[in-house]
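Work through the exercises below with the coordinates open. Each task is followed by a solution in steps.

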Amino acid sequence: ELAALLEAVLMKAGLSEDHARAVGRVMVEGERDDCRSHGIYRLPWVIKSLAVGKVSPDAVPLLHENETVIVRADAGKGYSCLALEMALPVMERKARQFGLAALVINNCFHFSALWPEVEAFARRGLAAIAMNPSYISVAPAGGSKPLLGTNPFAFAWPRPGAHPYVFDFATSVVARGEIELHRLDEKPIPLGWAVDDHGKPTTDPGEALRGAMLTFGGHKGSAISTMVEILSGAMIGDLMSHEATAYDNGAGAVPLHGELLLVMSPELFSAEPLENRHSRAEDLFARITDQGARLPSERRFAAREESLKNGIPLLTAKLAELRELAGQG
């Protein structure tokens with residue numbers, strides 16, 4: 001029901017049916033898994049991006065493949081979701097043929113989490129890594145001014161008979177959306193998340209958004225963030241975070257840049273029987289959980305089971321707002 005409603009909202013905002021379905025699906029997955037910062041919360045940003053004319057609402061992604069392991073998808077300045085959907089079967093075929101396949105998405109507007117993308121491959125028995133730049137909002141280690149993006153990085157590993165092992169994290173201490181949610185809820189942020197526009201530590205989410213976020217792990221997170229800028233920006237011939245910010249020029253749209261996905265077939269990386277490799281991975285996961293630690297995404301998968309059983313909870317006012325945006329009010 002939510003997918004149909006969001007599709008109607010997005011089509012009324014100007015997206016083609018295919019784009020509306022693909023973008024709406026990602027938002028529903030965020031709400032389903034209780035990841036509010038990547039669900040309906042993103043809808044106004046998507047609508048604004050269309051309104052200011054940055055996003056092509058009906059771009060048809062173009063796939064380019066040859067005999068190599070690299071597949072290129074030109075999103076035509078449309079949202080990335082449809083380009084990925086179209087490339088997924090090609091990537092699966094290449095990964096099973098060569099053991100490794102790389103997807104380069106260029107000229108895309110990417111607004112969502114990366115975990116739906118890598119999880120889609122893991123559900124097909126493949127391992128996957130994804131990364132992309134964003135807008136400048138993060139100071140490099142030792143700096144005080146925004147230069148890097150939040151630069152998400154995600155990984156998924158297939159698990160027979162269980163949810164995949166999935167992690168998806170910003171290279172900043174938290175995703176920017178978490179600070180924005182604190183601002184909307186009028187809650188302070190923890191120290192260590194960000195600095196104000198004078199480079200001083202702050203707990204005020206508004207000052208943090210005007211200043212700069214910090215990388216996780218200090219110089220280590222800063223180095224990983226720089227790697228993401230290079231691999232999914234400079235290397236694939238697309239915009240890095242400071243270039244995406246300059247392209248937006250204050251319009252406030254979602255960022256235009258590229259995305260890099262690496263997909264691997266565990267079956268082809270070793271002569272050892274595949275079931276042995278899976279059992280060794282499962283042994284490692286068991287050793288982690290036996291210590292009382294949880295695996296990444298366990299909370300998200302638990303929320304998913306609850307949503308599939310009982311539905312996605314929405315405030316009555318939010319539901320009414322969506323119906324009005326869809327012209328159903």
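Angles under 35 degrees between helix axes count as roughly parallel, and those over 145 degrees as roughly antiparallel. The model used here is predicted.

**Exercise 1. Determine how helices α1 and α3 are oriented to each other, and which residues join them.**

Step 1. Take helix α1, residues 2-12, and helix α3, residues 43-51; their axes come within 10 Å.

Step 2. The axes cross at roughly 25 degrees. The cut-off for roughly parallel is under 35 degrees, and α1 and α3 are therefore roughly parallel to each other.

Step 3. The crossing of α1 past α3 is right-handed.

Step 4. On the α1 side the contact is made by Leu6, Val9 and Leu10, and on the α3 side by Leu43, Val46 and Ile47. Sorted by type, the residues of this contact are six nonpolar, no polar and no charged.

**Exercise 2. Describe the surroundings of valine 46.**

Step 1. Valine 46 sits in helix α3.

Step 2. Its relative accessible area is 0%, so valine 46 is buried.

Step 3. Leaving aside residues up to four places away in sequence, valine 46 touches Leu10, Met27, Tyr79 and Phe111.

Step 4. For one of these partners, tyrosine 79, the separation from valine 46 is 33 residues in sequence and 9.3 Å in space, C-alpha to C-alpha.

Step 5. Tyrosine 79 also serves as a reference for aspartate 290: the two lie 211 residues apart along the chain, and their C-alpha atoms are separated by 41 Å. Aspartate 290 belongs to the loop between α10 (274-289) and α11 (298-310). With a relative accessible area of 66%, aspartate 290 is exposed.

**Exercise 3. Find which elements build the largest nonpolar core, and which of its residues touch the most other members.**

Step 1. The core has 31 residues, and those touching the most other members are Met91, Leu103, Ile105, Val118, Phe121, Leu261 and Val263.

Step 2. At least two residues each come from β2 (70-79), α4 (80-98), β3 (100-109), α5 (115-122), β4 (127-131), β5 (153-157) and β9 (256-264). The most come from α4, which gives seven residues.

Step 3. Look at methionine 91: with residues up to four places away in sequence not counted, the contacts are Val71, Ala101, Ala102, Leu103, Phe121, Leu261 and Val263.

Step 4. Another core, of 26 residues, lies apart from this one; Leu10, Leu43, Phe111 and Val254 are among its members.

Step 5. As background, nonpolar side chains tend to be buried together in soluble globular proteins.

**Exercise 4. Compare the settings of asparagine 107 and glutamate 186, given that neither is a glycine.**

Step 1. Most residues other than glycine have a negative phi. Asparagine 107 has a positive phi of about 55 degrees, and glutamate 186 also has a positive phi of about 55 degrees.

Step 2. Asparagine 107 is part of strand β3, while glutamate 186 is in the loop between α6 and β7, just after α6.

Step 3. Asparagine 107 counts as partly exposed, at 28% relative accessibility. Glutamate 186 is exposed, with a relative accessible area of 74%.

Step 4. Now turn to helix α6 itself, residues 176-184, where Gly177, Ile179, Leu181 and His182 are buried. The cover over these buried residues of α6 includes β7 (194-195), α7 (205-210) and β8 (212-213).

Methods. Residues numbered from 1 in each chain as written. Predicted model: local features only at pLDDT ≥ 70, side-chain atom pairs only at ≥ 80, totals over all residues. Heavy atoms only, no water. Axes fitted to C-alpha atoms, helices over the stretch in contact; angles between N-to-C directions. Helix = DSSP H or I, 4+ residues; strand = E, 2+ residues; numbered from the N terminus. Parallel < 35°, antiparallel > 145°, perpendicular 65-115°, else oblique. Left-handed = near helix turned anticlockwise from the far one by under 90°. Contact = heavy atoms within 4.5 Å. Nonpolar A, V, L, I, M, F, W, Y, C, P; charged D, E, K, R; others polar. Core = buried A, V, L, I, M, F, W, Y, C linked by side-chain atoms within 4.5 Å. Buried < 20%, exposed > 50% of the residue type's maximum accessible area, 1.4 Å probe, protein only.
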